[in-house]
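Here is my note on the structure you sent. The points are numbered so that you can reply to them one at a time.

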Amino acid sequence: MRNGRRRARGAIAVACGAVVLGTFGVPALWAGGAKWTAPPLAAARVNPLAVDAGLPGGRKLFGERCASCHGDAGQGTRMAPDLRERDVQDQSDGALFWKISQGNTRRGMPTYSYLPEPQRWQLVLTVRSLSSH
Ligand code: HEC
């Protein structure tokens, strides 16, 4: 009996914890406004290019247009984040394409919507290939 009551109290404590986390924990992750997220429709797009066809051109473009900020191997510099990081690599091809296209100019990432779409998909392949370094 006493045991049962203790267990019940434990369960209530766990439930309260879950409510507190649910109320304050999760929104707090987003509240910083620092997360940059692609809209779902954009994130769902699939890369139309095959790796062997797209990667060589993408590497060249990356060296010309991206390495100055992200580093030759995408390792990041004082100017821009490491693109090999899991939080980048975990994003879908569509999400990376969207970010490269839109840019986030307030935070220092230029927009590349002026590049033809195939070149932007080549860049997505290149960003992907950085993860294996
Ligand atoms: C002038 C510096 C600069 C150049 C050039 C640049 N970037 Fe960026 N890039 C940034 C910055 C700064 C961020 C971080 C933006 C943010 O988190 O809001 C970023 C973010 C990104 C992201 C998103 C990373 C994430 O955390 O989701 C990708 C992908 C990316 N860049 C790819 C590229 C590619 C591909 C090129 C070349 C076509 C490029 N960048 C050129 C500065 C640059």
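1. Two packed helices are described by the angle between their axes and the distance between the axes. An axis here is a line fitted to C-alpha atoms, for helices over the stretch in contact, and the angle runs from 0 to 180 degrees between N-to-C directions. With that in hand, look at helix H3 (residues 51–65) and H7, which pack at an angle of about 90° with their axes 7 Å apart. H3 is therefore roughly perpendicular to H7. Please keep in mind throughout that this is a predicted model.

2. Which residues meet where H3 and H7 pack? From H3 they are Val51, Gly54, Leu55, Gly57, Gly58, Arg59, Leu61 and Phe62, and from H7 they are Gln119, Trp121, Gln122, Leu123, Leu125, Thr126 and Ser129. By class, this contact has seven nonpolar, seven polar and one charged residues.

3. Now the chain as a whole. Its secondary structure comes to seven helices and zero strands, so the pattern along the sequence reads α-α-α-α-α-α-α. The chain has 133 residues, and buried residues make up 17% of them. Of the contacts with a separation of 6 or more, 68% are between residues 24 or more positions apart.

4. H3 deserves a paragraph of its own. Its 15 residues reach 20 Å from the first C-alpha to the last, close to the 21 Å expected at 1.5 Å a residue. Gly54, Gly58 and Phe62 are the buried residues in H3. The cover over the buried residues of H3 includes H4 and H7.

5. H7 can be read in the same way. The helix has 13 residues and reaches 19 Å from its first C-alpha to its last, close to the 18 Å expected at 1.5 Å a residue. Arg120, Trp121, Gln122, Leu123, Val124, Leu125, Thr126 and Val127 are buried in H7. These buried residues of H7 pack against H3 and H6.

6. In H6, the buried residues are Ala95, Leu96, Phe97, Trp98, Lys99 and Ile100. Helix H2 (40–43) and H7 are among what covers them. After H6 comes glycine 103, whose phi is positive, near 70°.

7. Is lysine 99 buried or exposed? This residue lies in helix H6. Lysine 99 counts as buried because it has 22 C-beta neighbours inside 10 Å, and the cut-off for buried is 20 or more. Leaving aside residues up to four places away in sequence, lysine 99 touches Trp36 and Ala38. Its C-alpha atom is separated by 9.5 Å from that of alanine 42, although the two residues are 57 apart along the chain.

8. The loop between H4 and H5 has two residues to look at. One of them is aspartate 82, in the loop between H4 and helix H5 (86–89). Aspartate 82 is partly exposed, with 16 other C-beta atoms within 10 Å. Apart from residues up to four places away in sequence, aspartate 82 touches Gly74, Gln75 and Gly76. The C-alpha atoms of aspartate 82 and cysteine 69 are separated by 9.7 Å, with their positions 13 residues apart along the chain counted as the separation.

9. Alanine 73 is also found in the loop between H4 and H5. With 13 other C-beta atoms within 10 Å, alanine 73 is partly exposed. The C-alpha atom of alanine 73 is 9.8 Å from that of threonine 126, 53 residues apart along the chain.

10. Arginine 86 lies in helix H5. Why does arginine 86 count as exposed? The reason is that arginine 86 has 9 C-beta neighbours inside 10 Å, and a residue with 12 or fewer is exposed. The C-alpha atoms of arginine 86 and serine 131 are separated by 8.3 Å, and the residues are 45 apart along the chain.

11. Last, the ligand. How many residues surround the ligand? There are 23, and the closest are Cys66, Cys69, Ala80, Gly108 and Met109. Helix H4 (67–70), helix H6 (93–102) and helix H7 (117–129) are the elements that give two or more residues to this shell. By class, the shell around the ligand divides into 15 nonpolar, five polar and three charged residues.

Key. Residues are numbered from 1 along each chain as its sequence is written. This is a predicted model: local features need pLDDT of at least 70, side-chain atom pairs count only at pLDDT 80 or more; totals for chains, interfaces and linings use all residues. A residue is near a molecule or strand if its C-beta atom, placed from the backbone, lies within 6 Å of it. Helices (H or I, at least four residues) and strands (E, at least two) are DSSP runs, numbered from the N terminus. Ala, Val, Leu, Ile, Met, Phe, Trp, Tyr, Cys and Pro count as nonpolar, Asp, Glu, Lys and Arg as charged, and the others, Gly among them, as polar. Angles under 35 degrees count as roughly parallel, over 145 as roughly antiparallel, 65 to 115 as roughly perpendicular and the rest as oblique. Two residues are in contact if their C-beta atoms, placed from the backbone, lie within 7 Å. The expected span of a helix is 1.5 Å times one less than its number of residues.
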